[in-house]
Amino acid sequence: MLKEIRILADHGKQFVPDLRTQPVSERFRGRPVISADITAVQAGRAASLCPSGAIDSNSGTIDLGRCSFCNECALAMPEVYRFTNDYRIAATKREDLIIKPGQADPLRIDETAVRKEVRSIFRRSLKLRQVSAGGDNSCEMELGASGNVNFDMGRYGIEFVASPRHADGIVITGPISQNMASALEITYDAVPSPKVIILVGTDSISGGLFAASPALKRDFIENHHIDLYIPGNPAHPLTFINGVMDLLGNRQ
Ligand code: SF4
């Protein structure tokens, strides 16, 4: 018994005590900041460097729903682009993922875009079915990590379940390949209403690097209301958990 107590004391806390304020490495690439003084020439150059078309060639804005967080823009033009380690970058509206020059405030979800029933029904418990629609297993691994002993999102009632019939919503990863499009629709149909849709990762939000591929079929995104967009390539567990907690109105 004493031996076990000593081991517990040596290991310390295995879980992240406060998921809202947990610091991460300075090298983590989260919310970008763009110089307010960016010129049209600089914007054009940055757009030509960006492999995923996330930078607008006229204004220099970064679309976090397309950004692969490769850091090319910041490496080439550090006086204009830099990435902070702020991981709270989820949004309830697609357009809120576009970061403008001079925008330095933290990103917070637009509360007015949250459906009332989402908070009234799921605030204390949200069960999710994950669908990898052509994903590369990176976001899927981070989602798996969200429930591990470190992040332990289950402490807030947020969990993944095996069956869509036991779920309150779906979490989509991957760019939605043609051969997953109908499976995704079937899974969504099996979830009882009101159902939540969460997109995780650049690929699911915009198609990412594969956006122009004929192998994709993304009608689902256009035909359904998306409750939450969680950028990242892959998305960090803290980005996912904080985004979902914000959606549910969890103030902890
Ligand atoms: S970090 Fe994002 S915005 Fe910058 S070049 Fe890479 S994909 Fe484009």
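Helices (H or I, at least four residues) and strands (E, at least two) are taken here as DSSP runs, numbered from the N terminus. The model is a predicted one, in which local features need pLDDT of at least 70 and side-chain atom pairs count only at pLDDT 80 or more, while totals for chains, interfaces and linings use all residues. Residues are numbered from 1 along each chain as its sequence is written, and side-chain values use heavy atoms, with hydrogens and water left out.

Backbone geometry makes a good starting point. Most residues other than glycine have a negative phi, and most peptide bonds are trans. Asp152, in the loop between α5 and β6, has a positive phi near 45° although the residue is not a glycine. With a relative accessible area of 29%, Asp152 is partly exposed (buried means under 20% relative accessible area, exposed over 50%, and partly exposed in between, with a 1.4 Å probe and protein chains only). Asn71, likewise not a glycine, has a positive phi of about 80°. Asn71 is placed in the loop between β2 (62-63) and α3, and its relative accessibility of 17% makes it count as buried.

Two cis peptide bonds can be described as well. One runs from Ser193 to Pro194, with omega near -5°, and Pro194 belongs to the loop between α6 and β8 (196-200). Another joins Asn233 to Pro234, with omega about 5°; Pro234 lies in the loop between β9 (228-230) and α9.

The enclosed spaces come next. On a 1 Å grid over the protein atoms alone, a cavity is a set of points where a 1.4 Å probe fits but cannot get out, and a pocket is an open set with protein on both sides within 12 Å along at least five of seven lines; lining residues have an atom within 4 Å of a point. Grid points are joined across faces, edges and corners, and a volume is the space filled by probe spheres set on the points. A search of the whole structure gives three cavities of 30 Å³ or more.

The largest cavity has a volume of about 100 Å³. Its lining is made of 16 residues, with Cys50, Ile55, Cys67, Cys70 and Cys73 nearest the centre. Elements α2 (40-49) and α3 (72-76) are those that give two or more residues to this lining. By class, the lining holds twelve nonpolar, three polar and one charged residues (Ala, Val, Leu, Ile, Met, Phe, Trp, Tyr, Cys and Pro count as nonpolar, Asp, Glu, Lys and Arg as charged, and the others, Gly among them, as polar).

The ligand sits in the largest cavity, meaning that more than half of its atoms lie within 2 Å of the grid points. Around the ligand are 13 residues, the closest being Cys50, Cys67, Cys70, Asn71 and Cys73; a residue is near a molecule if one of its heavy atoms lies within 4 Å of it. This shell comprises nine nonpolar, three polar and one charged residues. Asn71, one of the closest residues to the ligand, is thus the residue with the positive phi described above. The second largest cavity, of about 60 Å³, is lined by 14 residues, of which Asp136, Ser138, Cys139, Gly174 and Asp203 lie nearest its centre. Two or more residues of this lining come from each of α5 (138-146) and α7 (202-206). Its classes are two nonpolar, nine polar and three charged residues.

The largest pocket offers about 200 Å³ of space. Among its 15 lining residues, Phe28, Arg29, Phe69, Asn233 and Pro234 lie nearest the centre, and Asn233 and Pro234 are the partners in a cis peptide bond. The pocket lining divides into six nonpolar, six polar and three charged residues.

Aromatic contacts complete the picture. Rings of Phe, Tyr and Trp (its six-membered ring) pair if their centres lie within 6.5 Å; planes under 30 degrees apart count as stacked, over 60 as edge-to-face and the rest as tilted. The whole structure contains three such pairs. One of them, Phe160 with Phe240, is stacked, at 6.0 Å centre to centre and 20° between the planes. Because Phe160 lies in strand β6 (residues 158-160) and Phe240 in helix α9 (residues 237-248), the pair ties together parts that are 80 residues apart in sequence. Phe160 is partly exposed at 30% relative accessibility, whereas Phe240 is buried at 1%.

Tyr188 and Phe220 form an edge-to-face pair, with ring centres 5.3 Å apart and planes at 85°. This pair links distant parts of the chain, 32 residues apart, with Tyr188 in helix α6 (residues 178-190) and Phe220 in helix α8 (residues 219-223). Both Tyr188 and Phe220 are buried.
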